[in-house]
Amino acid sequence: MNFFIETSWDSLNHYGEELCGDKVDLVKRDKGILMVLSDGLGSGVKANILASLTSKIITSMVDAGTDIRDVVETIASTLPVCKVRNVAYSTFTMMEVDRAGNAYFVEFDNPSLVILRNGKRVFVPWVEENIAGKQIRQAHMKLQLNDFVITFSDGVIHAGVGQALNFGWQHENVVQFLEETSRPDDKAVDVQHRLLMKSSELYHGQCGDDTTVAVLRITEPVPCCVMVGPPVNPEDDDDVVNELMSCPGIRVICGGTTSQIVSKQLGREMTIDLDYISPDVPPIAHMEGIDLITEGVVTIGKVLDLLEEYSATKDPTVLKREKDGAYLLTEILVEQCTSVKFIVGRALNPAHQNPDMPISLSIKLRLVKDISECLQKLGKPAKIRYV
């Protein structure tokens, strides 16, 4: 079985610093992903440079097939030496996972990663080796459906030192927190956000160290197909509707004219849902075989606003404030599917030619493009096909 590898990461800067001394790099491949979290010595500009160099060297060389021993030796000989401490230093964690669940982990001086399975930590078969004077830990293992792999910089285990906790948040305390807060419906972003926010809380909002959390989750692929607008040529209606209905996952229609075309082609009745009325977004509708039907441009414009807000905060409550079509669609795109295909019709809507409704086809196309780009920044594969 081919899994989907869901990823999420975020950082909190050392208090008073504009740049983060931690760096996460992600390489997506057809066969899986390669993710590196590196933590540069100290904080600020120098730490940022050290972490960025380390993560880029690792991802570039490993992705090219270089043995990890040569990678570590390259890092040891490449990083600039700190004149004060007389060391060239950047810790790192590397996670390489393919779509069959085969995982390869490498750690150097970072807090050890945690794997959660059914809400409990599982054993990682680490093997230690000295490479270029550095003690490196490596592990190969098979991940299972719904496993979480959580890695973090030492800003997490330093949280609370001299404030909420005398000796900081020890690794075992972090594991206990992860186990106690685990929920069956968690996504990668949920685990990442909770751990980062707990760290911030222990720091009283003023982090004494750069703090980063990166999470990956093994899950089943759930594709989503979103049909937005009718095709230019009406004779293509049948083919486009068949494309929508052939999606094995979530099916969404945006637009009144579009939904009428689907209703006609399938011979299925469409009903308007008046149970939830919003002053800002038109009501949704229902049709057998379709998971969500919304209005067009107004709704997808609100979806873009919500995605941008969520992208900035990573706060899942952003998606759940209301129950109108925009919120429902945004929740599908962020939390329920693993990839998105937009089928975007380029036919002009006669209603939009009314001077009292200055909505053009170009606006619709731009909104979908911006939504697609926003999803890709969130790590969600998204593509557009114009019809």
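A cavity, as the word is used on this tour, is a set of grid points where a 1.4 Å probe fits but cannot get out. By that criterion this predicted model holds one cavity of 30 Å³ or more, and the tour will return to that cavity after a look at the whole chain and at a run of paired strands.

**The whole protein**

Begin with everything displayed as a cartoon, where 10 helices and 18 strands can be picked out, and orient the view along the principal axes, for which the C-alpha atoms fill a box of roughly 70 × 45 × 40 Å. If you switch to a surface, about 17800 Å² is exposed, and carbon and sulfur atoms supply 51% of that area. Of the 387 residues in the protein, 52% are buried. Among contacts between residues at least 6 apart in sequence, 68% join residues that are at least 24 apart.

**Strands 4, 5, 9 and 8**

Select residues 90-98, which make up strand 4, together with residues 102-108, which make up strand 5. These two strands run antiparallel and are joined by five bridges, and they form a hairpin with three residues between them, where G101 in the turn has a positive phi of about 95°. To check the register, show T93, whose bridge partner in strand 5 is E107.

Stay on strand 4 and select M94, whose relative accessibility is 0%, so this residue counts as buried. What is M94 in contact with, leaving aside its neighbours within four places in sequence? Its contacts include L34, M35 and V36, then I58, V62 and I68, and, from further along the chain, Y104, F105 and V106. A distance drawn from the C-alpha atom of M94 to that of D25, 69 residues away along the chain, should read 9.6 Å.

Now colour strand 5 by accessibility: six of its seven residues are buried, so this strand is largely enclosed by the rest of the structure. Strand 5 is also joined to strand 9 by six bridges, again in the antiparallel sense, and the pair to display here is Y104 with its bridge partner H140.

Add residues 127-131, strand 8, and residues 134-142, strand 9, which pair antiparallel over five bridges. N130 has Q135 as its bridge partner in strand 9. This hairpin has two residues between its strands, and A132 in the turn has a positive phi of about 55°.

**The seven-stranded sheet**

Move next to the open sheet of seven strands, whose order is 14-15-16-13-12-17-18 and whose pairing is mixed. Its edges are strand 14 (271-272) and strand 18 (382-386), each of which pairs on one side only. Within the sheet, select residues 285-287 and 290-294, which are strands 15 and 16; they run antiparallel and are joined by two bridges, with M287 standing opposite I290.

**The cavity**

Finish by selecting L116, F148, L178, T181, S182, D186, V191 and R194, which line the largest cavity. Helix 4 (171-181) and helix 5 (188-202) are the elements that give two or more residues to this lining. How much space lies in the largest cavity? The volume comes to about 40 Å³. Coloured by class, the lining shows four nonpolar, two polar and two charged residues. As a final step, a probe calculation can be run in the viewer: rolling a probe the size of a water molecule over the atoms shows where empty space is left.

Notes: Residues numbered from 1 in each chain as written. Predicted model: local features only at pLDDT ≥ 70, side-chain atom pairs only at ≥ 80, totals over all residues. Heavy atoms only, no water. 1 Å grid on protein atoms, 1.4 Å probe; cavity = no way out; pocket = protein on both sides within 12 Å on 5 of 7 lines; lining within 4 Å. Points joined across faces, edges and corners; volume = space filled by probe spheres on them. Helix = DSSP H or I, 4+ residues; strand = E, 2+ residues; numbered from the N terminus. Nonpolar A, V, L, I, M, F, W, Y, C, P; charged D, E, K, R; others polar. Buried < 20%, exposed > 50% of the residue type's maximum accessible area, 1.4 Å probe, protein only. Contact = heavy atoms within 4.5 Å. Areas by Shrake-Rupley, 256 points an atom, 1.4 Å probe, with all protein chains shown as cover. Pairing = 2+ DSSP bridges.
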